[in-house]
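Here's a walk through one protein chain, aimed at someone who'd rather be at the bench. Have a look at the sequence and the fold before reading on.

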Amino acid sequence: MALGANFSCALTGGGGVKCWGRNGQYQLGNGSSSSSTAPENVSGLSSGVTSLTAGANHACAVVSGGAAKCWGYNAYNQLGDGTTSPRSVPTPVSGLSSGVVSISAGSYHGCAVTSSGGAKCWGYNGAGQLGDSSNSQRASPVNVAGLTTGVLSVSSGGQHTCAVLSDRAMKCWGYNQFGQLGDGTATTRNSPVSVLGLTNVAMAAGGAGHTCAVTSSGAAKCWGSNSEGRLGDGTGASRSAPVNVLP
């Protein structure tokens, strides 16, 4: 499953993609702009999809052979096709026609992991969420600084991104007002910084203003904004470094 702001998408058992919900920005990928209360087939993605993700009003998939394709809203280059034109059906991400292992969408940006272990990002970059040491919006994928190898997975939050590395450590970059990068500060970063005290990471996920990870021992840890208790540590205090989620 992949959840956008007002729409949802799912992988079928046969490797196809279906989406439903709001479609004013073509986020259902079915060639129309009509919203749907029932799942609609995404054009051209009836089989072979290996990874699926959704941003605020766009979605992306990796198909067999490792090509990345995106559709929907594109005002901030979040489709990575070199334009700002919205797309009602999946369109190839520039330079990622093969070799993509997984993909993750933030609100208005996207990132991918390549078969060589590199991380590439594109789209809106006002908070440095592309990690290329700049704050320049990018219409097509650029390398994340210092992460050209050794990346196992990426997870995009609203305006930040994190990567799990081959040594099972984590690095994050982008917006950091609430400490969601986990580096012990509230300083926004346009290149990766290490998450403090976190080892043996198995998987991670980014939210609008917080981040969580699961370790290989099965422990859950979160950091960042703790509004409404989203860190699960029994408090409402935001955290700039990982804390344990209560059992």
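Are C111 and C121 buried or exposed? Both cysteines turn out to be buried. Keep in mind throughout that this is a predicted model.

## The disulfides

Let's start with the cysteines. A disulfide is a covalent bond between the sulfur atoms of two cysteines. Searching the whole structure turns up 5 disulfides. Count the bonded cysteines along the chain and the pattern reads 1-2, 3-4, 5-6, 7-8, 9-10.

C111 and C121 make one of these links, with 2.1 Å from S to S. The link is right-handed, with 110 degrees about the S-S bond. C111 sits in strand β10 (residues 109-114) and C121 in strand β11 (residues 119-123), so the bond ties together parts that are 10 residues apart in sequence.

## Two more cysteine pairs

C60 and C70 are also bonded, and their sulfur atoms are 2.1 Å apart. The torsion about this S-S bond is about 105 degrees, so the disulfide is right-handed. Strand β6 holds C60 and strand β7 holds C70, so here too the pair ties together parts that are 10 residues apart in sequence. Both C60 and C70 are buried.

Then there's C212 with C222, where the sulfur atoms are 2.0 Å apart. This link is right-handed, at 110 degrees about the S-S bond. It connects distant parts of the chain, with C212 in strand β18 and C222 in strand β19, 10 residues apart. How exposed are the two ends? C212 has 23% relative accessibility, so it counts as partly exposed, while C222, at 5%, counts as buried.

## The sheet around C212 and C222

Those last two cysteines are paired through their strands as well: the bridge partner of C212 in β19 is C222. In all, 5 bridges join β18 (residues 210-215) to β19 (residues 220-224), and the two strands run antiparallel.

Zoom out a little and you find an open sheet of 4 strands, in the order β17-β18-β19-β20, with antiparallel pairing. At the edges are β17 (201-206) and β20 (239-244), each of which pairs on one side only. From one strand to the next, the twist averages 20 degrees.

## What's packed inside

The largest nonpolar core has 16 residues, and C9, V17, C19, L45, L52 and W71 are the ones that touch the most other members. Several strands chip in: β2 (7-11), β3 (17-21), β5 (49-54), β6 (58-63) and β7 (67-72) each supply at least two residues of this core. There's also a second, separate core, made of 12 residues, with V113, L130, V144 and L165 among them.

T91 is worth a quick stop too. This threonine is found in strand β8 (residues 87-92). Its relative accessible area is 14%, so with a cut-off of under 20% T91 is buried. Leaving aside residues up to four places away in sequence, T91 touches A68, K69, C70, L79 and D81. One name on that list should ring a bell, since C70 is bonded to C60.

## Charged pairs

Now for the charges. Side chains of opposite charge can pair when their charged atoms come close. The whole structure has 5 salt bridges, and three are picked out below.

How far apart are the closest N and O atoms of D132 and R138? They're 2.9 Å apart, and the two residues form a salt bridge. D132 is buried, at 16% relative accessible area, whereas R138, at 27%, counts as partly exposed.

D183 and R189 form a salt bridge too, with their closest N and O atoms 3.0 Å apart. D183 has 12% relative accessibility and counts as buried; R189 is partly exposed, with a relative accessible area of 26%.

Further along, E228 and R230 meet through their side chains in a salt bridge of 3.1 Å, N to O. Here the acid is out in the open: E228 counts as exposed, at 72% relative accessibility. R230, at 30%, counts as partly exposed.

Conventions: Residues are numbered from 1 along each chain as its sequence is written. This is a predicted model: local features need pLDDT of at least 70, side-chain atom pairs count only at pLDDT 80 or more; totals for chains, interfaces and linings use all residues. Side-chain values use heavy atoms; hydrogens and water are left out. A nonpolar core is a set of buried Ala, Val, Leu, Ile, Met, Phe, Trp, Tyr and Cys residues joined through side-chain atoms within 4.5 Å. Buried means under 20% relative accessible area, exposed over 50%, partly exposed in between (1.4 Å probe, protein chains only). Two strands pair if DSSP finds at least two bridges between them. Axes are lines fitted to C-alpha atoms, for helices over the stretch in contact, and angles run from 0 to 180 degrees between N-to-C directions. A salt bridge is a side-chain nitrogen of Lys or Arg within 4 Å of a carboxyl oxygen of Asp or Glu. Contact means heavy atoms within 4.5 Å. A disulfide is a pair of cysteine sulfur atoms within 2.5 Å.
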